[in-house]
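The following questions and answers are meant for a first reading of a protein model. Please keep the sequence and the structure in view while working through them.

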Amino acid sequence: MNVGVAHSEVNPNTRVMNSRGIWLAYVISVGVLHIVLLSIPFFSIPVVWTLTNVIHNLVMYLLLHTVKGTPFETPDQGKDRLLTHWEQIDYGTQCTSSRKFLSISPVVLYLLTSFYTKYDPAHFVVNTASLLSVLLPKLPQFHGVRVFGINKY
Amino acid sequence: YFQAPAYHLILEGILILWIIRLLFSKTYKLQERSDLTLKEKEELIEEWQPEPLVPPVPKDHPALNYNIVSGPPTHIITVNGKECINFASFNFLGLLDNEKVKSAAQASLKKYGVGTCGPRGFYGTFDVHLELEERLAKFMRTEEAIIYSYGFATIASAIPAYSKRGDIVFVDEAACFAIQKGLQASRSNIKLFKHNDMADLERLLKEQETEDQKNPRKARVTRRFMVVEGLYMNTGDICPLPELIKLKYKYKVRIFLEESLSFGVLGEHGRGITEHFGINIDDIDLISANMENSLASIGGFCCGRSFIIDHQRLSGQGYCFSASLPPLLAAAAIEALNIMEDNPDIFQTLRAKCERIHKALQGISGLKVVGESFSPALHLQLEESCGSRENDVKLLKRVVDYCMNSGIALTQARYLEKEEKCLPPPSIRVVITVEQTEQELDKAASLLKEAAQSVLN
């Protein structure tokens, strides 16, 4: 019954984004979000795309760059207690495949959104600000950086 | 067709270029090794100097010349074929050889067999374990207790279950080796204060407080603990618990009390140092003790509030990942607890004997008594050391051998010299048990006086 469930990962958070099927689940959930927003009758297409982009980036920022530590106890006495999930991925190794995937997906969403909002300036401002907020923390130079001491402890 | 603003298109172009760069750059996987070149490998092989597998050790190293005990280490112990009175085993209440304890253990042996062959979570929990935990919690008047199968591992697992990296632990310098290993495993910041020096501890706490005020956000996520022993094994004295409680509430630090030597010794009913000082047991966050001294069993227990003890059932490494206590030892511990509850006057008897020998050992030329007058494990240290630790150890060995030849079994306090944080000076450890008669105590005291006279003068 418990065959193959034992693992020697000290912190399972590091391998979540490499698990089987998670990239597909991520793409499908963004699609589902988009369809749900599309089904609200009084939003126009550009508004729906901007909302998808903004909500996706907001949730990604909260889950990957705000919440720190692990929801379970790890055997390494809390080594990753002050690290966000993004910093924990693959034990801090930069430019792995899941990090690349998570960096590219907001950019792809942004490109689609710019096309469907017909390059409107107001939407441009909102979408670009949201994209920057989610791309900057992913740069390798920002590993472990806490601007203005926000979210440090 | 709509007009796209130039800035937007330029930005999109930059982003697409960045995506292409990311896609075509090198993807790192974990376990990225940098292989050494052949030349570097050869260089490293040439540089390597093989060390001997077994380092050279002098022939008279104490670990190579040990005394062999045949039979149980009870009141009369047979060392190297010679019968001596046992002043070395921590059998404070004489329960090692007690008939009731032995018959309870034998009945349990017939019922359960010898071992449990499994940790507590994996079919290793028997009804005797649960009964022992309940009985200990009721005896110590706390909400819950948890049993470990090895006394050393009790406090060494309890401390890292609560204190993690980034937390601060204030610990006494004379803490025993088990506490030191627990602190090392916890990876926390350790602040040592001088033994029983409340002023030093308060200074450290105040320093921590000023640092906390400079960085309140960090202070809010830092846990603070204080680890003290009830009766210190290395020095034989007790911690000033009322002042520690005051400091605890003033500076918001949690107390972990290690009662291995004081459980079953101090207090009216043997409940330890909290009963000795009359302190409410809820003031102490965690009490940890090993059952290998007064209870004459093996293993250890922690007791406290349910909320605290329950955490160790998943986070106590020695609880989850070691086989549980053999049921015969648990049954023996339950029977020992019964005896302790039924005869509360043995504690007073033990303390009277300790006072007697403490007084009798005063004034030996060359040896000074270190320890409280009611402590059943006291140390005899050399008044003036003769240069190096090895020579002191050799001198004390001669004293111990003199006593052993005349029928009193004593031992030196042994330490892992390279691993201890604050190595205590070499000493002879005298242990008083309830079974020793007054004549034997007087005989031991006079023999020690003779030995000191002949060896040290």
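**Domains, cores and a helix pair**

Q: How far apart do the C-alpha centres of domain 1 of chain B and domain 2 of chain B lie?
A: The model is a predicted one. In it, each of the two domains of chain B is represented by the centre of its C-alpha atoms, and the separation of these centres is 27 Å.

Q: Which residues does the domain assignment of chain B give to domain 2?
A: Domain 1 is assigned two stretches, 73-96 + 345-456. The contact between the domains takes 25 residues from domain 1 of chain B and 29 residues from domain 2 of chain B. Domain 2 itself is assigned residues 114-342.

Q: Where does the largest nonpolar core lie with respect to domain 1 and domain 2 of chain B?
A: This core has 104 residues, and B:Leu132 and B:Leu136 have the most contacts inside it. Both domain 1 and domain 2 of chain B give residues to this core, so its place is between them.

Q: Which helix of chain B gives the most to this core?
A: The core in question is the largest nonpolar one, with 104 residues. One helix, spanning residues 327-342 of chain B, gives 10 residues to the core. That helix is α13.

Q: Which residues is B:Leu132 in contact with, leaving aside its neighbours within four places in sequence?
A: B:Leu132 is one of the two residues named as having the most contacts inside the largest nonpolar core. Once its neighbours within four places in sequence are set aside, its contacts are B:Ile147, B:Met291, B:Leu325, B:Ala330, B:Ala333, B:Ile334 and B:Leu337.

Q: How many residues does the other core have, which lies apart from the largest nonpolar core?
A: Among the residues of this other core are B:Ala158, B:Ala178, B:Leu183 and B:Tyr319. The core is made up of 23 residues.

Q: Are α4(A) and α5(A) roughly parallel or roughly antiparallel to each other?
A: Helix α4 (residues 97-116) and helix α5 (residues 121-135) of chain A pack at an angle of about 175°, with their axes 10 Å apart. Angles over 145 degrees count as roughly antiparallel. The two helices α4(A) and α5(A) are therefore roughly antiparallel.

Q: How many charged residues does the contact of α4(A) with α5(A) have?
A: Residues of α4(A), including A:Val107 and A:Tyr110, meet residues of α5(A), including A:Phe124 and A:Leu131. By class, this contact has seven nonpolar and four polar residues, and the number of charged residues is none.

Q: What percentage of the residues of chain B count as buried?
A: Chain B has 16 helices and 15 strands. Of its 457 residues, the buried share is 51%.

Technical notes:
Residues are numbered from 1 along each chain as its sequence is written. Chains are lettered from A and ligands numbered from 1 in the order in which they are written. This is a predicted model: local features need pLDDT of at least 70, side-chain atom pairs count only at pLDDT 80 or more; totals for chains, interfaces and linings use all residues. Side-chain values use heavy atoms; hydrogens and water are left out. A nonpolar core is a set of buried Ala, Val, Leu, Ile, Met, Phe, Trp, Tyr and Cys residues joined through side-chain atoms within 4.5 Å. Buried means under 20% relative accessible area, exposed over 50%, partly exposed in between (1.4 Å probe, protein chains only). Helices (H or I, at least four residues) and strands (E, at least two) are DSSP runs, numbered from the N terminus. Domain bounds come from an automatic or database domain assignment. Contact means heavy atoms within 4.5 Å. Axes are lines fitted to C-alpha atoms, for helices over the stretch in contact, and angles run from 0 to 180 degrees between N-to-C directions. Angles under 35 degrees count as roughly parallel, over 145 as roughly antiparallel, 65 to 115 as roughly perpendicular and the rest as oblique. Ala, Val, Leu, Ile, Met, Phe, Trp, Tyr, Cys and Pro count as nonpolar, Asp, Glu, Lys and Arg as charged, and the others, Gly among them, as polar.
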